[in-house]
Amino acid sequence: RFKMSRHRFEFITQKIRFNNIPTAAESEMDPWHEIRPVVEAFNECRMNVITPGQHITVDECMSSWKGGESAYRVEGMPHKTKIARKPEGVGAEMKALCDGNSGILLRLDIMEGKQRQASKEFHGEFGEG
């Protein structure tokens, strides 16, 4: 059985990064800069590998959040959503595109707040979704 000490786990989580350390201006331009490369790579991989069936559905999903409240803290979330009807109603809201036949997740889109959503590619044509 594989085991890892708490000290080792904390060391790894302090050092792991998914992209380069941005400047303050870059962080201000994209508050999701730390996770965006992971989401984009996921979406690109799914687009190149999976051929969806004839039934596709879009739904919202939520990743619950129990961390810091401030964007200025290391563990702060840039935008969190509160949805009363969800069991864990505070967190990051995402839109998920799924294949209705296989149930495979095809694409994720992070909901980023009204101003940032308005600047997205298809907002003018389809709205906030």
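The expected span of a helix is 1.5 Å times one less than its number of residues. Keep that rule at hand for Exercise 2. The model used here is predicted.

**Exercise 1. Read the overall layout.**
State how many helices and strands the protein has, and in which order the elements run.

*Solution.*
Step 1. Count the elements: there are five helices and four strands.
Step 2. Read from the N terminus on: the order is α-α-α-β-β-β-β-α-α.
Step 3. Turn to burial. Of the 129 residues in the protein, 23% are buried.
Step 4. Look at contacts with a separation of 6 or more. Residues 24 or more positions apart account for 53% of them.

**Exercise 2. Check helix α3.**
Compare the reach of α3 with its expected span, then find its buried face.

*Solution.*
Step 1. Helix α3 covers residues 36-49, which is 14 residues.
Step 2. From first C-alpha to last, α3 reaches 20 Å, close to the 20 Å expected.
Step 3. List the buried residues of α3: R36, V39 and N43.
Step 4. Look down the axis of α3. Its buried residues fall within an arc of 70°, so they line one face of the helix.
Step 5. Recall the general pattern. An α-helix has 3.6 residues a turn, so residues three or four places apart point the same way.
Step 6. Now take the face turned away from the buried side of α3. That face carries the exposed residues N48 and V49.

**Exercise 3. Assemble the nonpolar core.**
Name the residues of the largest nonpolar core and say which strand gives the most to it.

*Solution.*
Step 1. The core has eight residues: W32, V39, A92, M94, A96, C98, L108 and I110.
Step 2. Assign them to strands. β3 (90-99) and β4 (105-110) each supply at least two.
Step 3. β3 gives the most, with four residues.
Step 4. Zoom in on L108. Leaving aside neighbours within four places in sequence, L108 contacts V39, F42, N43, C61, M94, K95 and A96.
Step 5. Link back to Exercise 2: V39 is a buried residue of α3 and also a member of this core.

**Exercise 4. Look for disulfides.**
Decide how many disulfides the model has, using a cut-off of 2.5 Å between cysteine sulfur atoms.

*Solution.*
Step 1. Start at C61. Its closest cysteine sulfur is in C98, 7.7 Å away.
Step 2. Compare with the cut-off. That distance is too far for a bond.
Step 3. The count for the model is zero disulfides.
Step 4. Add the exposure of two cysteines. C61 is partly exposed at 25% relative accessibility. C45 is partly exposed too, with a relative accessible area of 44%.

**Exercise 5. Place S64 and E112.**
For each residue, give its location and say whether it is buried, partly exposed or exposed.

*Solution.*
Step 1. S64 lies in strand β1 (residues 56-64).
Step 2. S64 has a relative accessible area of 37%, so it is partly exposed.
Step 3. Not counting residues up to four places away in sequence, S64 touches E88, V90 and G91.
Step 4. E112 sits in the loop between β4 and α4 (114-118).
Step 5. E112 has 8% relative accessibility, so it counts as buried.
Step 6. E112 and K80 are 32 residues apart along the chain, and their C-alpha atoms are separated by 8.1 Å.

**Exercise 6. Judge the confidence.**
Find where confidence is highest and where it is lowest among the elements.

*Solution.*
Step 1. The mean pLDDT of the protein is 76, and 69% of residues reach 70 or more.
Step 2. Confidence is highest in α3, at a mean of 89, and lowest in helix α5 (residues 123-126), at 57.
Step 3. Over residues 70-74 the pLDDT is below 50. Beyond near neighbours in sequence, this stretch has three contacts in the model.

Methods:
Residues are numbered from 1 along each chain as its sequence is written. This is a predicted model: local features need pLDDT of at least 70, side-chain atom pairs count only at pLDDT 80 or more; totals for chains, interfaces and linings use all residues. Side-chain values use heavy atoms; hydrogens and water are left out. A nonpolar core is a set of buried Ala, Val, Leu, Ile, Met, Phe, Trp, Tyr and Cys residues joined through side-chain atoms within 4.5 Å. Buried means under 20% relative accessible area, exposed over 50%, partly exposed in between (1.4 Å probe, protein chains only). Contact means heavy atoms within 4.5 Å. The arc is that of the directions from the helix axis to the C-beta atoms. pLDDT is the predictor's confidence in each residue, from 0 to 100.
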